[in-house]
Amino acid sequence: MSTVNVKINNISYQFPKGLTILQACNQINIEVPTLCYLKEINEIGACRICVVEVKGAKNLVASCVHPLSEGMDILTHSEKVLKARKITLELILSTHDRSCLSCIRSDNCELQKLCHDFKVDDEAKYDGHNQVYKTDDSAIHMYRDDNKCILCRRCVAACSKLQSVGVIGVNERGFKTHIGCAFEEDLGKTDCVSCGQCIVVCPTGAIAEKDDTDKVWAALADESKHVIVATAPSIRVTLGEAFGMPVGTNVKGKMVTALKHLGFAGVYDTDIAADLTIIEESQELITRIQNGGPLPLITSCSPGWIKFCEHNFHDFIPNLSSCKSPQQMFGAVVKTWYAEKNNLDPHDIVVVSVMPCTAKKFEARRDNQSAAGVYDIDIAITTRELARMIKRAGIQFKKLADTDFDDPLGVSTGAGAIFGATGGVMEAALRTAVEKLTGQELTNLDFTEVRGTKEIKEATYKVGDLEVNVAVTSGLANARQLLNEIREGKKTYHFIEIMGCPGGCINGGGQPVQPASVRNFVDLKTERAKALYEEDKNLPLRKSHESPVIKTLYEEYFGEPGSHKAHKILHTTYKEREY
Ligand code: SF4
Ligand code: SF4
Ligand code: SF4
């Protein structure tokens with residue numbers, strides 16, 4: 001491999017050829033601050049915060065796009081560099097709505113932190129006439145406030161590059177430049193799939209989820225209501241980040257304790273509903289394979305993916321599994337079986353779900369998601385909103401003791417746990433489908449070919465007499481590629497897992513926002529997924545069909561997987577969609 005010899009801050013180094021200055025600095029643990037740059041997402045050299053001095057060069061250079069070359073002598077924090085960065089921040093602030101005190105990002109805003117680090121002591125230094133923008137709150141899951149936007153374009157890159165949705169972009173030019181939808185349309189009237197990937201990359205409070213925590217506080221204060229909560233598989237491995245814990249820490253026990261302190265009448269695990277999804281979906285796969293289709297069967301747990309399909313791939317709607325997602329199955333079971341068992345009127349039950357995903361807010365209000373004539377899920381909040389509630393309640397999260405989920409909906413299996421990572425639904429389904437089709441117990445439960453963050457994963461498994469071709473992908477740009485290849489007849493599969501967010505739910509749009517100073521160094525998707533696979537390995541039950549709760553549900557209520565009653569309560573429909 002050819003190399004280059006350079007000096008950084010007067011120390012000599014050798015790096016492989018082809019790196020940018022920023023990448024080289026990161027390799028030796030020098031953090032050059034960035035605002036527009038975000039590893040693997042946005043590399044446009046626009047904000048000028050990452051400038052460094054190259055001795056002999058006339059001007060400072062943007063390190064995120066400037067290539068390293070032989071003999072370079074680089075200073076990352078010379079007087080000239082620090083002064084330039086400070087002036088850039090002062091200029092950004094001149095057009096910024098600086099209402100930090102009430103801003104949703106006040107505890108982890110990248111702009112605020114940089115202003116603090118660079119001692120920007122005169123926020124109003126370059127104040128003058130400013131554009132004033134109306135907040136776009138037309139979408140059910142999020143709002144956009146251009147008055148807090150610094151035009152870094154990370155959201156635009158996430159929406160178009162990662163998700164191939166492209167509903168937000170740069171409108172107008174010069175002083176009037178701002179982020180918006182085409183023809184200044186409201187976001188709620190576009191093909192936006194509610195994934196929230198724009199939110200988790202935004203460095204400021206310009207884009208955020210709609211906060212539904214007040215609805216939860218109100219329900220908890222209403223004594224006529226039976227308020228329960230369930231947490232999605234991935235929340236246990238991400239919530240800790242909101243309290244400064246390392247990426248990939250499993251905080252299941254503390255999370256359950258915190259939820260009990262908040263006052264919920266029952267603290268349950270959505271893993272149960274993930275297991276239920278697997279039972280129904282494996283049955284659907286077997287039935288479709290035996291009855292000639294339609295195949296491939298495509299998973300339906302990810303509401304961002306479902307909305308994307310309804311907008312862009314209508315011809316694949318018959319391929320979608322009719323199973324409700326785990327969030328919705330959980331609510332449906334609570335409003336029917338659980339209500340009957342506890343002699344409760346479904347109208348008096350409030351089901352709160354804690355989800356990794358802003359699209360879950362959209363999903364909870366879709367048609368055909370009301371098994372008992374009332375919404376299956378009353379309030380869907382994100383990991384970030386739960387963290388906010390815990391903080392507001394003064395709960396010292398890191399010091400909490402561990403407790404277990406409540407009965408009867410608190411049993412987790414490894415299969416349910418891995419739902420949170422790309423490939424997890426496929427692996428969980430295979431564990432059940434293979435045993436059902438062959439009648440034999442699996443000796444190895446790890447389907448490692450479908451794990452990991454590769455864009456499109458493919459495998460063929462021998463199941464009895466059948467050869468089953470599967471594919472797994474996450475991130476909607478990858479999904480688009482896969483579906484186009486199927487349309488063109490280049491690929492044929494029996495079963496496909498698609499997750500809307502790259503890496504799956506662990507990297508969902510409702511997860512804790514990590515700044516560039518973390519994302520440029522740590523692979524969030526890999527570290528968070530590792531914690532889920534660790535959980536799977538250590539659980540005594542690793543197959544959905546072995547869960548005692550699942551057995552009870554079928555014995556007491558649903559009869560057989562795929563029964564008429566199961567279909568009525570646990571399945572749904574999809575439609576071509578304008579917005
Ligand atoms: S976006 Fe950041 S700098 Fe702007 S008001 Fe919010 S916290 Fe303050
Ligand atoms: S939520 Fe997703 S689809 Fe909608 S604007 Fe953001 S990135 Fe684009
Ligand atoms: S909305 Fe956020 S991510 Fe998008 S350009 Fe503005 S500051 Fe950057």
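**Exercise 1. Find the residues around ligand 1 and sort them by class.**

Solution. The residues around ligand 1 in this predicted model are His 96, Asp 97, Ser 99, Cys 100, Cys 103, Ser 106, Cys 109, Leu 111, Gln 112, Lys 148, Thr 204 and Gly 205. Next, sort this shell by class: six residues are polar, four are nonpolar and two are charged.

**Exercise 2. Do the same for ligand 2.**

Solution. Start with the list of neighbours: ligand 2 is surrounded by His 141, Met 142, Cys 159, Val 165, Val 167, Ile 168, Cys 192, Val 193, Ser 194, Cys 195, Gly 196 and Cys 198. Then count by class: the shell around ligand 2 holds nine nonpolar and three polar residues, and no charged ones.

**Exercise 3. State which residues come nearest to ligand 3, and give the classes of its shell.**

Solution. Around ligand 3 there are 13 residues, of which Cys 149, Cys 152, Arg 153, Cys 155 and Cys 202 come nearest. The shell divides into 10 nonpolar residues, one polar residue and two charged residues.

**Exercise 4. Locate Leu 91, decide whether it is buried or exposed, and name the patch it belongs to.**

Solution. First, the location: Leu 91 lies in helix H2, which covers residues 79-94. Second, the exposure: the relative accessible area of Leu 91 is 45%. Partly exposed covers the range between under 20% (buried) and over 50% (exposed), so Leu 91 is partly exposed. Third, the patch: Leu 91 joins Ile 87 and Tyr 126 in a nonpolar surface patch of about 250 Å².

**Exercise 5. Place Ser 322 and find the partner of its side chain.**

Solution. Ser 322 sits in the loop that runs between helix H9 (303-312) and helix H10 (326-341). Its relative accessible area is 16%, so Ser 322 is buried. The side chain of Ser 322 makes a polar contact of 2.7 Å with the side chain of His 571.

**Exercise 6. Compare distance along the chain with distance in space for Ala 232 and for Lys 17.**

Solution. Take Ala 232 to begin with. This residue is in the loop between strand S10 (226-231) and helix H7 (252-262). With a relative accessible area of 5%, Ala 232 is buried. Ala 232 and Gln 327 are 95 residues apart in sequence, while their C-alpha atoms are 7.5 Å apart.

Now take Lys 17, found in the loop between strand S2 (11-16) and helix H1 (21-27). Its relative accessibility is 54%, so Lys 17 counts as exposed. Lys 17 and Ser 2 are 15 residues apart along the chain, and 5.9 Å separates their C-alpha atoms.

Methods
Residues are numbered from 1 along each chain as its sequence is written. Chains are lettered from A and ligands numbered from 1 in the order in which they are written. This is a predicted model: local features need pLDDT of at least 70, side-chain atom pairs count only at pLDDT 80 or more; totals for chains, interfaces and linings use all residues. Side-chain values use heavy atoms; hydrogens and water are left out. A residue is near a molecule or strand if one of its heavy atoms lies within 4 Å of it. Ala, Val, Leu, Ile, Met, Phe, Trp, Tyr, Cys and Pro count as nonpolar, Asp, Glu, Lys and Arg as charged, and the others, Gly among them, as polar. Patches are made of residues with over 30% relative accessible area and no salt bridge: like charges are joined within 9 Å, nonpolar side chains (Val, Leu, Ile, Met, Phe, Trp, Tyr) within 5 Å. Accessible areas come from the Shrake-Rupley method with a 1.4 Å probe; for residues, only the protein chains shown count as cover. A salt bridge is a side-chain nitrogen of Lys or Arg within 4 Å of a carboxyl oxygen of Asp or Glu. Helices (H or I, at least four residues) and strands (E, at least two) are DSSP runs, numbered from the N terminus. Buried means under 20% relative accessible area, exposed over 50%, partly exposed in between (1.4 Å probe, protein chains only). A polar contact is a pair of N or O atoms within 3.5 Å; within protein, one must be able to donate a hydrogen and the other to accept it, and residues adjacent in sequence count only if both atoms are side-chain atoms.
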